[in-house]
Amino acid sequence: MLRSRIRLAAVIAFATAGVALSAMPGYAQQGKQKQDDVRKRGQVACGADVDKLCKELQPQGDMPVLQCLQKAKAELSGTCSKFLTEVGQPN
């Protein structure tokens with residue numbers, strides 16, 4: 001369960017603008033904090049969905065898990081669906 005949440009956090013981190021901001025010198029710390037906040041929210045919102053719907057894909061990496069969540073949009077919890085929309089993932 002912890003591994004799925006860590007993987008989900010990585011997916012979400014790359015899906016947010018925080019990654020782009022962290023590459024800019026003046027925004028590095030601010031971008032990292034935003035990225036960490038998004039990771040925590042993603043773990044809470046989607047961790048159970050990953051365990052339930054995409055567990056078999058976890059060894060394949062982050063992108064297959066995200067694609068799985070997107071394909072399973074009809075089965076996602078409201079919390080996870082809302083979160084993915086908020087971070088710019090189509091669902």
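This is a short talk on the fold, the core, the disulfides and the confidence of one structure.

Let me begin with the status of the coordinates: this is a predicted model, and its pLDDT averages 77 over the protein, with 66% of the residues scoring at least 70. I will come back to where the confidence is low, after we have looked at the architecture.

The secondary structure comes to five helices and zero strands, so to speak of the order along the sequence is simply to read α-α-α-α-α. The protein has 91 residues, of which 41% count as buried. If we take the contacts with a separation of 6 or more, 54% of them are accounted for by residues 24 or more positions apart. As for the surface, the protein exposes about 5,400 Å², and carbon and sulfur atoms supply 57% of that area.

Turning to the interior, the largest nonpolar core has 17 residues, and those with the most contacts inside it are C46, C54, L69, L76, F83 and L84. Three helices, α3 (28-53), α4 (62-71) and α5 (78-86), each supply at least two residues of this core, and α3 gives the most, with five residues. You will notice two cysteines, C46 and C54, in that list of residues with the most contacts, and both of them return when we come to the disulfides.

Let me stay with α5 for a moment. Which residues of α5 are buried? They are C80, F83 and L84, and, seen down the axis of α5, these buried residues fall within an arc of 100°, so they line one face of the helix. The general background is that an α-helix has 3.6 residues a turn, so residues three or four places apart point the same way. On the other side of α5, G78 and K82 are exposed. After the helix comes G88, whose phi is positive, near 90°.

Now to the disulfides, of which a search of the whole structure finds two. In one of them C46 is joined to C80, with an S to S distance of 2.1 Å. The torsion about the S-S bond of C46 and C80 is about 105°, so this disulfide is right-handed. Because C46 lies in helix α3 and C80 in helix α5, the pair ties together parts that are 34 residues apart in sequence. On accessibility, C46 is buried, with a relative accessible area of 0%, and C80 is likewise buried, with a value of 0%.

The other disulfide is formed by C54 and C68, whose sulfur atoms are 2.1 Å apart. Right-handed or left-handed, for the link of C54 and C68? With -90° about the S-S bond, the link is left-handed. C54 lies in the loop between α3 and α4, whereas C68 lies in helix α4, so this pair ties together parts that are 14 residues apart in sequence. C54 counts as buried at 0% relative accessibility, and C68 is buried with a relative accessible area of 12%. If we number the bonded cysteines in sequence order, the pairing is 1-4, 2-3.

One further residue of α4 deserves a remark, namely Q67, whose place is in that helix. At 42% relative accessibility, Q67 counts as partly exposed. Q67 and Q89 are 22 residues apart in sequence, and in space they are 9.9 Å apart, C-alpha to C-alpha.

Finally, I return to confidence, as promised. Among the elements of the protein, α5 has the highest mean pLDDT, at 93, while helix α2 (residues 18-22) has the lowest, at 47. Over residues 16-22 the pLDDT stays under 50, and for this stretch the model has 15 contacts beyond four places in sequence. Where pLDDT is low, the predicted coordinates should not be read in detail. With that reservation about residues 16-22, where pLDDT stays under 50, I would leave you with the picture of a core to which α3, α4 and α5 each supply at least two residues, and with C46 joined to C80 by a disulfide.

How values were computed: Residues are numbered from 1 along each chain as its sequence is written. This is a predicted model: local features need pLDDT of at least 70, side-chain atom pairs count only at pLDDT 80 or more; totals for chains, interfaces and linings use all residues. Side-chain values use heavy atoms; hydrogens and water are left out. A nonpolar core is a set of buried Ala, Val, Leu, Ile, Met, Phe, Trp, Tyr and Cys residues joined through side-chain atoms within 4.5 Å. Buried means under 20% relative accessible area, exposed over 50%, partly exposed in between (1.4 Å probe, protein chains only). Helices (H or I, at least four residues) and strands (E, at least two) are DSSP runs, numbered from the N terminus. Contact means heavy atoms within 4.5 Å. Accessible areas come from the Shrake-Rupley method with a 1.4 Å probe; for residues, only the protein chains shown count as cover. The arc is that of the directions from the helix axis to the C-beta atoms. A disulfide is a pair of cysteine sulfur atoms within 2.5 Å. pLDDT is the predictor's confidence in each residue, from 0 to 100.
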